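The following exercises ask the reader to trace strands, helices and charged pairs in a protein model. Each task is followed by a solution in steps.

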Amino acid sequence: MKWCPFFQGQVSLAVQNKVDDISTSGFSVTVPDKESLLIPGLIISQMTLQLPGMLSNLSCAAQVIYRFKQKKDLTKYGFYILDMPLHDQRRLFDAVSKVADPHVNMTGKVNMDSLWELFFDSGFIYPDKYGIISPYTKALKATYRKLYEDGQDIFTHITYQDQVRSTPHVYG
């Protein structure tokens, strides 16, 4: 329930619409004119998005940014996502990215053996460096495992997996 100046009280509505287009920053819906309560500029402070294949919904706050008359009795509305929890934002980015390229993965687990192989193959860990860190290998692997698997609120990664080989790219 939220305060609504038009009704001088709180209003809570449960409305479902099919999403036409979606990106990491917004989406659009087409609504029959008779069912529409939307106007450009309207801020919806609590909204959920249900995407195919996701077990739980994504929550966000969004604002109507445009209105385009479509066919007879239909209007398309564009929404900009104003606020979204980090975990939901990551899941949305992963879903949208998978449409463009199914090899991109942002929320899945990383094969730690493939990650270490990449570190060596790419030259990130070179012989002299390995000589310095080798006594700490077990602790380093545990740290990377925590970051990739448990540190979702402070750390994110993008993995591109083509066939069996993973190519992690780390963005923190």
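**Exercise 1. Salt bridges**

How many salt bridges does the structure hold?

*Solution.* The model under study is predicted. Step 1: the general principle is that side chains of opposite charge can pair when their charged atoms come close. Step 2: the structure holds four salt bridges. Step 3: consider the pair K76 and D21, which form a salt bridge with their closest N and O atoms 3.1 Å apart. This distance meets the cut-off, within 4 Å, used to define a salt bridge. Step 4: locate the partners. K76 belongs to strand β7 and D21 to strand β3, so this salt bridge ties together parts that are 55 residues apart in sequence.

**Exercise 2. The partners of strand β4**

Determine how strand β4 pairs with β3 and with β7, and identify a residue pair in each case.

*Solution.* Step 1: strand β3 spans residues 19–22 and runs antiparallel to β4, with three bridges joining the two. A hairpin of three residues connects β3 to β4. Step 2: within this pairing, D21 stands opposite S28 in β4. Step 3: strand β4 covers residues 26–32 and pairs with strand β7, residues 74–83, in the antiparallel sense over seven bridges. Step 4: here P32 stands opposite L74 in β7.

**Exercise 3. Strands β6 and β7**

In which sense do β6 and β7 run, and how many bridges join them?

*Solution.* Step 1: β6 and β7 run antiparallel and are joined by eight bridges. Step 2: one bridge pair consists of K69 and its partner T75 in β7. Step 3: the hairpin of these strands has four residues between them, and D73 in this hairpin takes a positive phi near 70°. Step 4: I65 is placed in strand β6, which comprises residues 58–69. I65 also belongs to a nonpolar surface patch together with I43, Y80 and L82. The four residues of this patch have about 380 Å² of accessible area together.

**Exercise 4. Two packed helices**

Describe the packing of helices α2 and α4.

*Solution.* Step 1: two packed helices are described by the angle between their axes and the distance between the axes. Step 2: helix α2 (residues 112–121) and helix α4 (residues 137–150) pack at an angle of about 115°, and their axes are 11 Å apart. Step 3: the crossing of α2 and α4 is right-handed. Step 4: the residues that meet are M112, L115, W116 and F119 from α2, and L140, K141, Y144, R145 and Y148 from α4.

Technical notes. Residues numbered from 1 in each chain as written. Predicted model: local features only at pLDDT ≥ 70, side-chain atom pairs only at ≥ 80, totals over all residues. Heavy atoms only, no water. Patch = residues over 30% accessible without salt bridge, like charges linked within 9 Å, V, L, I, M, F, W, Y side chains within 5 Å. Areas by Shrake-Rupley, 256 points an atom, 1.4 Å probe, with all protein chains shown as cover. Salt bridge = Lys/Arg side-chain N within 4 Å of Asp/Glu carboxyl O. Pairing = 2+ DSSP bridges. Axes fitted to C-alpha atoms, helices over the stretch in contact; angles between N-to-C directions. Left-handed = near helix turned anticlockwise from the far one by under 90°. Contact = heavy atoms within 4.5 Å.
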